[in-house]
Amino acid sequence: MDFEYAKLGLKAGIEIHQQLDTAEKLFCHCPTVLRDVEEHTGEFFRYLRATVSEMGEIDRAAREEMMVMRPFSYYAYDTTCLVENDEEPPAPLNPEALELALTIAKMMGMTPVEQVHVMRKLVIDGSNTSGFQRTALVSLNGSLPTGERIESICLEEEAAQRVEGDTFSLDRLGIPLAEITTAPDMHTPKAVHDVAAYIGMLLRSTMKVKRGIGTIRQDVNISIAAGARVEIKGVQELRLIEEVVRREVQRQVSLVEIRDELLSRGASVDEESHDVTALFSDTGSAILKRAKAIHAVCLRGYDGLVGREIQPGRRLGSEMSDYAKKCGVGGLFHTDELPAYGVTAEEVTALKEAVGAGENDCVVLVADTKKKVTCAIGQIRRRAEMALEGVPEETRKMLEEGSSAYMRPLPGAARMYPETDVLPVPVTGAYYDALVLPELLSAKAERYEREMGLAASLARQMVYSRRCGLFEEAVSRGVKSALAANTLLGTLKELSRDGANVAAVPGEALIDLLVRVETGAVAKEAIPPVIRALAEGQDIDVAINTVAPSVSREEVRAVICATIAERDAFVREQGMRAMGPLMGVVMKELRGRADGKVISELLKEELGKIV
Amino acid sequence: MESGTQVTCRYAGTDLEGTYITDRDGKAVIKLNSGYNIGVDPSCLSVVAPPEATEAGEMAVEQNASLPQLSIISTGGTIASRVDYRTGAVTSQFTADDILRAIPGLADIAQFRAEVLATILSENMTPAIWQTLAESICAEIKNGAEGVMVTHGTDTLAYSAAAVSFMLDTPAPVIFVGSQRSADRPSSDNVMNGLASAAAAISDLGEVAVVMHGSTNDDACAIHRGTRVRKMHTSRRDAFQSFGMEPIGTVAYPSLDVTLSGDAVRRRPDTEPVLAATLEEKVGMTTFYPGMSPDVVDAFAGYRGLVVCGTGLGHTSAPVIASLKALIDAGTVVVMTSQCLNGRVCDRVYDTGRDLLAAGVVEGEEMLPEVAYVKLMWVLGQTTDTEEAARLMATPLRGEFGRCSYNGF
């Protein structure tokens, strides 16, 4: 569904989180490598709780995470240390990461912060053992060539990755992240995509960012004029970003419509809830039968609206359910969707009667322990009342295909306080001025076209490839650009498709092979089988000898002599002019296995003897 | 400029709004409205408004009069402190309400009286404060406290626990507790240690103990005897370990169920505490190391006592023995302990040991060096007779060593 975005007053901004490919983590000296969870060497568990900020408040997002106190488990590895365990003070801020973040800042014309202060940002969902994420603002105010403003770049530590449930893996914790925040300058879904794509290109241009799924994540801030700012976290794929924006606009438009409808109906939320456990003592619903307590609340005038779809696969009821789940319950039932799930029409009638619901009302019920149910009903009432206001400001997580679910309230500044264990880092003007900017991939692609004569699409593919560095090296060592690009992109891809483990081939061996091909020591046709042998772990010399044995000087001479002998008349007639045609014949005979220069030299010698 | 002043800062081509925090290394630190701090040139600042009175109305914590009465004596540890980020100073948060707010859940265990004895870093602790501490604890128990919690910085917590063990014969639990991770972080161990120590303080225990994390997990705290415990890691939660014996109990978390071992001294409800708080401060401690000059020992001339952490079974080099003998002849009580920490001193196996005994060195049995040090201060505070002092050092008074050595490590 598309909207008239300008009319709706769409404003969007993005925060891009990019993992940096540094040797060490941001606050310890562990390597920045990801591990298989099976490789973990230790496990421990902890509880977290919200603490009061320096301003004397508990952050609202943190307070909500605290509603259920749960133990978080952590996997440790032989590549993680006590800093990740939150059992040792952090090391000084990694200078390599800071330099990289500042290089990115300089690429966008930003002003560096003169003295960088590391902060603690409260996050108690378990993804940080400390209960906070360390983050530092390193630069301010830049812009893109298309005019959008870049508000800031922060250098942050990556969070631990969730394994499942409340178990996290510590390998990712502490990998440096650059967080690039744009101003809310985008007004269409496509603009959001384009800006994200441009920044992604710019980041890759440094050649020092991590690659692969999850190494770059976008948070999108979206609002429409009649709605509210909503932050959708963790969009990992660029192709989904437009859809996320479209669906959030759809959601905000729908919530505004629901609000208007509710207000016109004079809707309200009952203050009291009802214990309806007894009503369901003989129910056929497995969930309800199991529950220790079932409570219900009546939403006056909400009939039909709780079940109304506001995004593909999502209803107002889903939003209420998200809030309720914060109390540890599995979900809720509402009368817009009942009878169903084993609840009969008779039970629905009895339920409506028990809470005094009229025709226009919707009844929501929750089943679990009494404590959880009481908490959940409170949350449902809260979310139902928010529907009377329209769109609540909140942090949401992206679901598959671009819809989103409630995560927590938007955090405030109250969740930030200084990391007293890390000293501030000065950034001098001289240091910043001396930072060397990498060539943008877009400029590099143009250069490949212009200087090397690569086709536009091949040039673009090449600069975005992981093997771009290899390509440059090969070309600098005399390999023709087309040969290098076609081998590193096309040939490797084909071999990989055929099942060869091309990732195992050392870059140096590839360059070595290309150089030999270029000098004529190896036939071009031998490239695929040689690489296949390399992928199987063979040494390059062994591989070439097996697949395309090289030819000695004497063998070359023998081929030349035989060729001349066969064309005796032609040679005597043409004299030294026979050189050109014979060269072609010999080259064909040797299938490129000998250096052209050597052939030419020997051919000249042998012809000289006869003429 | 005063901390908390609202300022704008012309920087990076725009006006940044924020709060002035402090000056640091020539830069003005300001907190931006986003919550981030940055350091900028002070000349870019202009004042918008004076500091706001940001004191949030702090809730009073209700105490439940039907719960047992506990006392908290604070010496300045981080467990209930709060860092003032504007000045970098640690502010004291030591009224009963402050502590109950800092450690939610305490109010469900007991009702509390709180006293601030000192607000110092643990390394600034002195024997004089140990004496005041022992007196305060004694007074609290006499005043009806069912137990006393002492919050303390972890670095010298074990020294204080040992000192109070000797100075005070207590019929009720006296629990020393600290935290390894600062109280301002969501992962701080202060809550679990604090709750577990309160549970231990109302338990059936009747001696001085240290209650801290038992492992890196948030599953249980260990109760260590005050004369058998040592900080064994700079930063881990489970830094405190018992030596020469198992911990005398555990407190499970989050249930707070207390389990005491057979070794734990039990509460004696009808017994009054006995205070003997005199300490001899002219006592030293030194570690022997290969190549040590006898000058080091000579420097302790005039001391009434000296604890030596010897090698292995309790040895020093021959030149050092001569200096020790001179000290002893001049009236210093010299006690030998071991750098091994685990195990008992025995100076009767090797020649140098026999020479040490001949010189008049007292074997420190299986006492930890710092426990021997504190005990020697106390013993010399009780008697001027060096033979009596030697006899007391060789007698277990507060479970600081056993007659037989522990079968574990």
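What is the handedness of the disulfide of Cys327(A) and Cys375(A)? The torsion about their S-S bond is about -70°, so this disulfide is left-handed.

Before going on, note that this is a predicted model, in which local features need pLDDT of at least 70 and side-chain atom pairs count only at pLDDT 80 or more, while totals for chains, interfaces and linings use all residues. Residues are numbered from 1 along each chain as its sequence is written, chains are lettered from A and ligands numbered from 1 in the order in which they are written, and side-chain values use heavy atoms, with hydrogens and water left out.

Over all chains there are two disulfides, a disulfide being a pair of cysteine sulfur atoms within 2.5 Å. Select Cys327(A) and Cys375(A), where the S to S distance is 2.0 Å. Cys327(A) sits in the loop between helix H7 (316-325) and strand E19 (333-334) of chain A and Cys375(A) in helix H9 (residues 370-387), so the bond ties together parts 48 residues apart in sequence; helices (H or I, at least four residues) and strands (E, at least two) are DSSP runs, numbered from the N terminus. Cys327(A) is buried at 4% relative accessibility, whereas Cys375(A) is partly exposed at 27% (buried means under 20% relative accessible area, exposed over 50%, partly exposed in between, with a 1.4 Å probe and protein chains only).

Next, select Cys9(B) and Cys44(B), a disulfide whose sulfur atoms are 2.3 Å apart; both residues are buried.

Finally, select Cys309(B), which is buried at 7%; its sulfur is 11 Å from the closest cysteine sulfur, in Cys340(B), too far for a bond.
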